Amino acid sequence: MSSNFDDDIYGGFSGVTNKLFNYDAKEDQAFQNAVRTSSYGKKATTPKFFWNGDKLGSAEPATAMARPSTAIRPVGYSSHNSKLFDPLNQAAKKIVVMENKKEETPEQRYKNLETKIYSLLEESIVASTGSKPDMATSLAKAKEASSLDRTLLRMRDQDGGTYTHNFDLTFFVLFNLANVYAKNEMYIEALNTYTLMTKNKMFPNVNRLKINMGNIYFQLGLYTKAIKMYRMALDQVPGNQKELRLKITHNIGILFIKMGQYSDAATSFEFIMSEKGDLKTGLHLILCYYALGDVEKIKHAFQLLLDIQIDYNEEEKVFQANSNPSYEYINELIKSDELHSYERKLRHLAEKNILISANLISTIIDDYFNDGYSWCVETIKNSYFSSLATDLELKKAVIYLKQDDFQQAIDTLKYFEKKESNIAINAAINLSFIYILKKDVTAAENYAEAAKKIDSYCPAAFINSGVCFFMKTDYESAKLMFTSALDIDSTSFEALYNMGLIFKKLGDHNSALLYFRKIISSLGHEQHPEVLYQIASLYDLLGDVGTALEYYLQLLSLVQQDNRIIQKIGELYEADGERQQAYHYHHESYRIFPIEATVVNWLCSHYIELQVVEKAIGFYEKAVLRNPLDPYYLLRIAGCYRRIGNQQRSMALFRMIHEIYPENTDCLRALMHLAQSQGNGELYERYSSELQKLEKQKEVRQRIGTSRPTNSGSSRMSSGDYSVRSAGHEGYQPPATGTGSGHSSAGLPSKSSDVSPDYSNNFTPHAGYGYADPLGPPQERPRTGVRKNLTFDDDSDEEINTIDLLPA
C-alpha cells in the first residue's frame, strides 16, 4: 500500500489547500478601492463599433461582439463559429460572370450603319426646316451622314461586293448635303456636290439637279451660266411634265430681264402665255413690252392678262346662301376654310396685277392720259374681270388728286353719285375729302352727310364730318362725330388720332395721351411717325423730359433725316442738363440742314461759351452766304472779332456794314464803342451824331405813321429785332390722299389744316428761345507787352446793348 501511495505523483494534492487558490477578492481592500475608481461594470456612454475586416460599422445590440481583451481581436479574429475569418470582406462582393459577346456579322454592321445614316438625315432635315432653323446643326448632321455613307461604301468594297448598296440612300445623303450648303450660302461647295451627283450614272433623273445649280448661279449673279443650266435641265424634262417646263422657262425669262434683254424675255413669257398663262407671267410680259415701248404689243399683252380665268365667284356663293337658308351655315364654314382663303388671295392678286398694269400703260398707249385710261376701263368691262372697271374709275380720281387736278377728280367722282350704294358712298367720301383739302367746309360737310344717309354705319363718313366741325372750331360736335365713328369701329386710326388732337387742343393732355396709346396698342409692332411725335410732344408739354426724349428717339429711328426732330432732341437734352448731348444733336441737325437760323445761333453761342470764338466765326460766315443782303450775321462776325481782340478787323467790318446799311443803329452803337475804347474822340462824336439823327428820324416816322421804304434787313436791324427766324424748311409730311375704297380718304385733311399731323414743322419753340451771350460783356484777355494798348474798357459797355453785338 505504501509503495502504491508513493508511486502516485498526484498524491496529496486533494488534501492540501494552497494559499494561492484560497484568495478572496472581497477581503482585498486595495482591489476593492481600485474597482470603485475604475469604469469596470459601468454603462458605456459611447456607441459601440465593430470592425469586420472591411469597414467600421455600428454594432447591433443582438449581434454585438464582446469587447476584445487581447491584441488578437482587433485584427478580425473571433471565437464565434458563425463568423468566418474574412478581413477583406470578399463574401460581401458580388461575383460578375463575364459572358463572351458574339461578334457582329458584316450584314448586321451594314444594316446598323444604314439605320444611323437615316437617323442623321432626319435630324438634319428637321434642323434646317421650321420657324427657327438651325443651319449649323443641320450642316454638321449632313456632313456626318455623308461620312458614314462613304464608310458604308468602303465596307461593301472590302467584303468583295457581296451586298447590294442602297444608291438611293447615297443620292439622298448627297442631295441633302448640297441643299444645306446652299442654305448656308456656301455656294461653291453646293455646286461641287451637285456636279459630283450629275456625273454619277447610277442616280436616276439626275439632270434635274441642274435647276438647283441654275438657282445657285442666279444667286451668284452669273446669269449666263444660270441660263445654260436651266436650258440643259429643260432638255431633260419630258414633255408630259408641262408645269415644270413652264416654270423653268419663266426663270429663263426673269434672267433675260436681269440682263436687259427684254425682247428675249418677252419671247419666253409669250410662250408661257400661249401654253398656260398665269397672272405673274402676264404682268412680266407687259413690263417687257413697256420697257421696249411697243404700244400694240402692250395692248395685246394686257388683253392676254385679262383672258386668264380664275375659278372663283364670291357672288355666286352669296346668292346660293341667300336663296337656300340651309346653305347659309355651310357658307359660314366655307369662309374659314383654307381653300376659300387661297381663292380670295388669288382673286386679290389678279385684281392687283390688273390695276397696276392699267395705271402703268395708260400713260403710254395714248397721247393723253385720260384716253389711255378710258381704253383700259373699256377693255376691262368686256373681260372676265368686269367688276374691276368701277374700282378703276374710282382710282382715276385718286390719280387726278396726285396730279393736283382737283376739278378732274371732282368731275370723275360726281359721275358715281347716282350709281349703286357701295359705289356712291365711296364717291361721296372721296368728294368730302377733296373739299376738305380745298378748305371748302360747306361742300365737304354736305357730302359727308350724304355718305351718312347712304350708310349710317360707315365710320369714314362720321370722321369726315368730324373734321369739318373741327375746322369750324366746334370741338364738342367734332368729338361727338369721332365718338360715333369709334362706336362703329373701335380701332379706327383716323378717329382715335383726331380725338387725341382735339384733347390736345383743349389742353387735356392726359386724355390725349390715352387715345394715342390706344393707337399704339391696336397697331401692335407697327409704328407710325405721326403717333410717336404726338406722344413725345404731349410728354414734353407735361414736363416729363425723359419720356419725351424716349419717344423722340424712337421717332428718329423711323425718320432719320428730319432736322427739326433732331433739333428738338437737342433742346430736350439741354433742358435736362446734358450739354454735350445737346451739342451733338444740334450739330447733326446743322449737318442735315445747314441754313437753319436757330441751330446756327445755338452752335455759335455754345462755342462762344467755350471760349472758341474762332469756330463761331466759321459758322456765321457760312450763314451769311444764305442771305448776303441781311446784316444780321455780319454784325455777329464783327462782334466775334472784337471779342477775340482783333479790333482792327472788327472796326473794318463795322465800317463796311455801316456803308451798306447806313440806317442800322446797332452798327453805329458798335462803332461808337470801338472808337471810345481806342480813344478816338472825333470818331465817337461823328457816329454819336449820326445815331441821334437816325433816332430823331425814327421818332418822326412813328409820329406821322409813315416810313421811308427800306430793305427788310436794315429795317429789322434798326428796330433791334433779333428774334430767331425759321428758314421755312419743310420736313416730313405724312401722306393724306384719298382712295377709291374710302378708308384712307376718311383720314385727315391736308397739312395746312388744323387736324393734319405735321410733327416736323408745326411745333413752336418755347418763348424767348434765343441764345444770349452766356458770358455777358467781353472779358479782358491776357495780353503781351507789345499789345497792352489794345485792352478793352469794360465800363464803357454800359452805354451800348452788348447783346446786339454778340449772338442772341
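**Packing of helices 17 and 18, and salt bridges**

Glu393, Leu394, Ala397, Tyr400 and Leu401 in helix 17 make contact with Phe406, Gln408, Ala409, Thr412 and Leu413 in helix 18. The residues of this contact comprise seven nonpolar, two polar and one charged. The model is predicted.

Two packed helices are described by the angle between their axes and the distance between the axes. Helix 17 spans residues 388–402 and helix 18 spans residues 406–414. Their axes come within 7 Å. They cross at roughly 165°. Angles over 145 degrees count as roughly antiparallel, and helix 17 and helix 18 are therefore roughly antiparallel to each other. The crossing of the two helices is left-handed.

Salt bridges were examined next. The count comes to 18. Three pairs are described here, beginning with Asp540 and Lys568. The closest N and O atoms of Asp540 and Lys568 are 3.1 Å apart. This pair links distant parts of the chain. Asp540 sits in helix 25 (residues 529–542), and Lys568 sits in helix 27 (residues 563–575). The two residues are 28 residues apart. Buried means under 20% relative accessible area. Asp540 has 16% relative accessibility, so Asp540 counts as buried. Lys568 has a relative accessible area of 4% and is therefore buried too.

Helix 27 also contributes Arg564. The side chains of Arg564 and Glu596 meet in a salt bridge, at 3.6 Å from N to O. Glu596 lies in the loop between helix 28 (579–592) and helix 29 (597–609), and Arg564 lies in helix 27, so the pair ties together parts that are 32 residues apart in sequence. Both Glu596 and Arg564 are buried.

Glu574 and Arg579 form a further salt bridge. Their closest N and O atoms are 2.7 Å apart. Partly exposed covers the range between under 20% and over 50% relative accessible area. Glu574, at 25% relative accessibility, therefore counts as partly exposed. Arg579 has a relative accessible area of 26%, so Arg579 is partly exposed.

Some salt bridges share partners. Such bridges join Asp540, Lys568 and Glu571 into one network. Asp540 and Lys568 are thus described both as a pair with N and O atoms 3.1 Å apart and as members of this network.

Technical notes: Residues are numbered from 1 along each chain as its sequence is written. This is a predicted model: local features need pLDDT of at least 70, side-chain atom pairs count only at pLDDT 80 or more; totals for chains, interfaces and linings use all residues. Side-chain values use heavy atoms; hydrogens and water are left out. Axes are lines fitted to C-alpha atoms, for helices over the stretch in contact, and angles run from 0 to 180 degrees between N-to-C directions. Helices (H or I, at least four residues) and strands (E, at least two) are DSSP runs, numbered from the N terminus. Angles under 35 degrees count as roughly parallel, over 145 as roughly antiparallel, 65 to 115 as roughly perpendicular and the rest as oblique. A crossing is left-handed if the near helix is turned anticlockwise from the far one by less than a right angle, and right-handed if clockwise. Contact means heavy atoms within 4.5 Å. Ala, Val, Leu, Ile, Met, Phe, Trp, Tyr, Cys and Pro count as nonpolar, Asp, Glu, Lys and Arg as charged, and the others, Gly among them, as polar. A salt bridge is a side-chain nitrogen of Lys or Arg within 4 Å of a carboxyl oxygen of Asp or Glu. Buried means under 20% relative accessible area, exposed over 50%, partly exposed in between (1.4 Å probe, protein chains only).
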